[in-house]
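Reader: I am new to structural terms, and I would like to go through this model slowly. Could you take each label in turn and explain what earns it?

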Amino acid sequence: MRYRVLFLIVGLIWGMFPRQVTAQSTFTNPVLAHGQDPWVVKYDGQYYYCCAQGNGISVSVSPVLHRIEPPQRVWTAPAEGWNSSCVWAPELHPYKGRWYIYYAAGQSGPPYIHQRTGVLESVDDDPLGPYVDRGMLYTGDSLGQWSSNRWAIDFTLFEYEGQLYGVWSGWADAATTDRTEQNLYIAEMTDPCTVASSRVLISEPDRPYEQGELPLNEGPQILQRGEDLFIVYSCGQSWLPTYKLSYLRLRRGADPMSRSSWVKSRRPVFEGTDEVFGPGHASFTVSPDGTESYIVYHTKTSASPGWQRDVRMQRFEFDRQGRPVFGAPIPVGVAMPIPAGSKITNP
């Protein structure tokens with residue numbers, strides 16, 4: 001009897017202290033039942049997920065990649081002005097002790113012809129804010145001539161050989177309808193809030209697999225591994241099962257500001273199946289221990305036209321030529337091993 005009492009006392013004392021344990025061994029898609037345009041960044045051992053919620057932007061933080069915690073509102077669009085409505089596809093980037101959020105906004109539609117890119121800057125090193133609105137970015141052909149600024153969404157930031165660059169999806173000219181072909185553009189940046197050059201066209205929907213109801217290139221994301229740098233982007237139509245991913249690969253040692261420096265994939269690199277519809281708008285990160293690569297993306301929840309989507313993730317590899325191999329999107333409910341090094345703390 002006294003041994004049972006002793007075990008009970010030890011058990012109660014043990015339960016009073018937090019302990020580090022390995023999380024459950026598998027997870028399944030979706031990792032978020034309702035969501036789109038997922039952006040995940042790993043920083044200082046935490047994963048930050050950034051998303052649009054209503055007419056604002058929210059950020060969540062989690063110690064594990066496969067569990068997205070409830071996001072916290074970090075910015076609300078103003079009641080008036082160019083960025084007062086249609087807040088789309090925000091991205092969160094750390095840079096030299098500050099955090100920057102890029103987003104698209106503009107007068108509502110249809111037609112959606114007013115969308116431009118804005119940037120927020122954190123007041124300190126906390127990704128959960130507060131943030132200061134640093135205004136609209138110039139995304140046109142004649143730097144400084146704001147009257148010629150152009151439609152721009154899905155802006156992303158990267159650094160290459162000491163130079164900052166911005167890449168986004170935009171229109172060649174001003175338009176009166178939102179049924180306009182979308183291209184990918186690049187520009188140099190002085191700092192995360194300042195575009196330093198006129199835009200340069202680096203991709204347009206010129207491959208057969210990019211055609212369809214509305215040819216477009218959008219959702220560009222940077223994937224870098226060693227000396228290899230890719231811009232992985234979405235093509236096909238976002239509201240149809242034909243949405244898919246392709247990429248541009250930068251020639252080693254080439255100038256990112258030259259269109260000839262970028263080589264486009266001959267075929268899609270990630271596309272739907274009979275069970276998964278329209279995977280696209282991906283971001284990339286690594287497992288908690290840094291040994292595995294992951295793609296985080298959204299898909300349509302059915303084959304019917306529309307924008308009902310969820311967020312999913314899965315591991316991918318690189319081939320001997322350094323190219324990413326994403327495989328096929330994994331259907332809902334299929335068990336996958338949790339990312340290597342995942343741990344949780346239980347009370």
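Author: We can start with pairing: two strands pair if DSSP finds at least two bridges between them. Please keep in mind that the model is a predicted one.

Reader: What makes β8 and β9 a pair?

Author: Strand β9 covers residues 116–122 and is joined to β8 by six bridges in the antiparallel sense, and since the rule asks for at least two, the two strands pair. One of the contacts matches Ala105 with its bridge partner in β9, Arg116. On β7, residues 88–95, there are likewise six bridges to β8, again antiparallel, with Trp88 standing opposite Ala104 in β8. The hairpin of β7 and β8 has two residues between the strands, and Lys96 takes a positive phi near 50° there.

Reader: Why is β8 called largely enclosed?

Author: A residue counts as buried under 20% relative accessible area. Seven of the eight residues in β8, which spans 98–105, are buried, and therefore the strand is described as largely enclosed by the rest of the structure.

Reader: What makes β21 and β24 the edges of their sheet?

Author: The open sheet has four strands in the order β21-β22-β23-β24, with antiparallel pairing. Because β21 (277–286) and β24 (324–325) each have a single partner strand, one side of each is left without a neighbour in the sheet. The partner of β24 is β23, residues 309–318, and two bridges join them, a number that satisfies the requirement of at least two. Within this pairing, Phe318 has Pro324 as its bridge partner in β24.

Reader: How do you know that Trp151 and Trp171 are stacked?

Author: Two values are needed, because a pair of aromatic rings is described by the distance of the centres and the angle of the planes. Rings pair if their centres lie within 6.5 Å, and planes under 30 degrees apart count as stacked. The centres of Trp151 and Trp171 are 4.2 Å apart and the planes are at 5°, so this pair is stacked. Trp151 belongs to the loop between β10 and β11, and Trp171 to the loop between β12 and β13, so that the pair links distant parts of the chain, 20 residues apart. Both Trp151 and Trp171 are buried.

Reader: Why, then, is the pair of Phe316 and Phe326 called tilted?

Author: Their rings lie 4.9 Å centre to centre, with 55° between the planes. Because stacked means under 30 degrees and edge-to-face means over 60, this angle falls under the remaining label, tilted. Phe316 is in strand β23, whereas Phe326 is in the loop between β24 and β25. Phe316 counts as buried because its relative accessibility is 3%, and Phe326 is buried with a relative accessible area of 3% as well. Both rings also belong to a cluster, linked by ring pairs, with Phe270, Phe284, Tyr297 and Phe318.

Reader: What makes Arg199 lie over the face of Tyr185?

Author: Part of the answer is distance, for which the limit is 6 Å from the ring centre, and Arg199 is at 4.1 Å from that of Tyr185.

Reader: Which residues lie nearest the centre of the largest pocket?

Author: They are Trp88, Ile153, Ser238, Trp307 and Arg309, out of 31 lining residues, and the pocket holds about 810 Å³ of space. By class, this lining divides into 18 nonpolar, seven polar and six charged residues, while strand β4 gives the most to it, with four residues.

Methods
Residues numbered from 1 in each chain as written. Predicted model: local features only at pLDDT ≥ 70, side-chain atom pairs only at ≥ 80, totals over all residues. Heavy atoms only, no water. Phe/Tyr/Trp six-rings, centres within 6.5 Å; stacked < 30°, edge-to-face > 60°. Buried < 20%, exposed > 50% of the residue type's maximum accessible area, 1.4 Å probe, protein only. Lys NZ or Arg CZ within 6 Å of the ring centre and 35° of its normal. 1 Å grid on protein atoms, 1.4 Å probe; cavity = no way out; pocket = protein on both sides within 12 Å on 5 of 7 lines; lining within 4 Å. Points joined across faces, edges and corners; volume = space filled by probe spheres on them. Nonpolar A, V, L, I, M, F, W, Y, C, P; charged D, E, K, R; others polar.
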